[in-house]
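User: I would like to go through this structure and ask, for each label, what justifies it.

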Amino acid sequence: QVQLVESGGGLVQAGGSLRLACAVSGRTVSSYAMGWFRQAPGKEREFVAALSWIGSSTDYPASVKGRFTISRDNAKNTLYLQMNSLKPEDTAIYSCAAKNPVIFYSGVTYSNAGDYNYWGQGTQVTVSS
C-alpha cells in the first residue's frame, strides 16, 4: 500500500517562496502519475500541478503557471512543488496525489482529482499580505 506524506508548508509573506515535499513509501514515486491539489476554507478542491508517469509532461492551471513548478527526485522517492511569488490567494491546504499508471498513456497528466488513487493528508500553506 502506497503512502504519501507532505511537508514544507508554513507561513510566508506575499512574494515569498516555499517548497513542498511529498514523500512516497510503499512504491517508487516513478511508478505513478502525480499531482498537487489545494483546498481553501469554504472552497472546492483545486488542481495545482501535475506530472506524467514517465516525467515527460507537466500541467498547471493559469492561476499558478509561471510561479509553481512540479518535479520529482527518484533517488529520494519524493515529489516536490516549488512555489514562488506567493500570493494571499494561494493560502490553502496542499495535498499530493498519485495515480496508478496506464501503459498507453505514460505521457498524460491528470488535472481531475477523481483520477487519483492515493492521497496524502495535506500541509497548510498560509500567505500573509
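User: What makes the lining of the largest pocket two nonpolar, three polar and eight charged residues by class?

Analyst: The classes follow from residue type, because Ala, Val, Leu, Ile, Met, Phe, Trp, Tyr, Cys and Pro count as nonpolar, Asp, Glu, Lys and Arg as charged, and the others, Gly among them, as polar. Of the 13 lining residues, Arg38, Lys43, Glu46, Glu89 and Asp90 lie nearest the pocket centre. This is a predicted model, in which local features need pLDDT of at least 70 and side-chain atom pairs count only at pLDDT 80 or more, while totals for chains, interfaces and linings use all residues. Residues are numbered from 1 along each chain as its sequence is written, and side-chain values use heavy atoms, with hydrogens and water left out.

User: Why is the contact between Arg38 and Glu46 called a salt bridge?

Analyst: A salt bridge requires a side-chain nitrogen of Lys or Arg within 4 Å of a carboxyl oxygen of Asp or Glu; the N to O distance in this pair is 2.8 Å, so the contact between Arg38 and Glu46 qualifies.

User: How do you know whether Asp90 is buried or exposed?

Analyst: Buried means under 20% relative accessible area, exposed over 50%, and partly exposed in between (1.4 Å probe, protein chains only); Asp90 has 1% relative accessibility and therefore counts as buried. Arg38, at 5%, is likewise buried, whereas Glu46, at 31%, is partly exposed.

User: What makes Arg38, Glu46, Arg67 and Asp90 a network?

Analyst: Salt bridges link these four residues: besides the pair of Arg38 and Glu46, Asp90 bridges to Arg38 at 2.9 Å and to Arg67 at 2.8 Å.

Notes. On a 1 Å grid over the protein atoms alone, a cavity is a set of points where a 1.4 Å probe fits but cannot get out, and a pocket is an open set with protein on both sides within 12 Å along at least five of seven lines; lining residues have an atom within 4 Å of a point.
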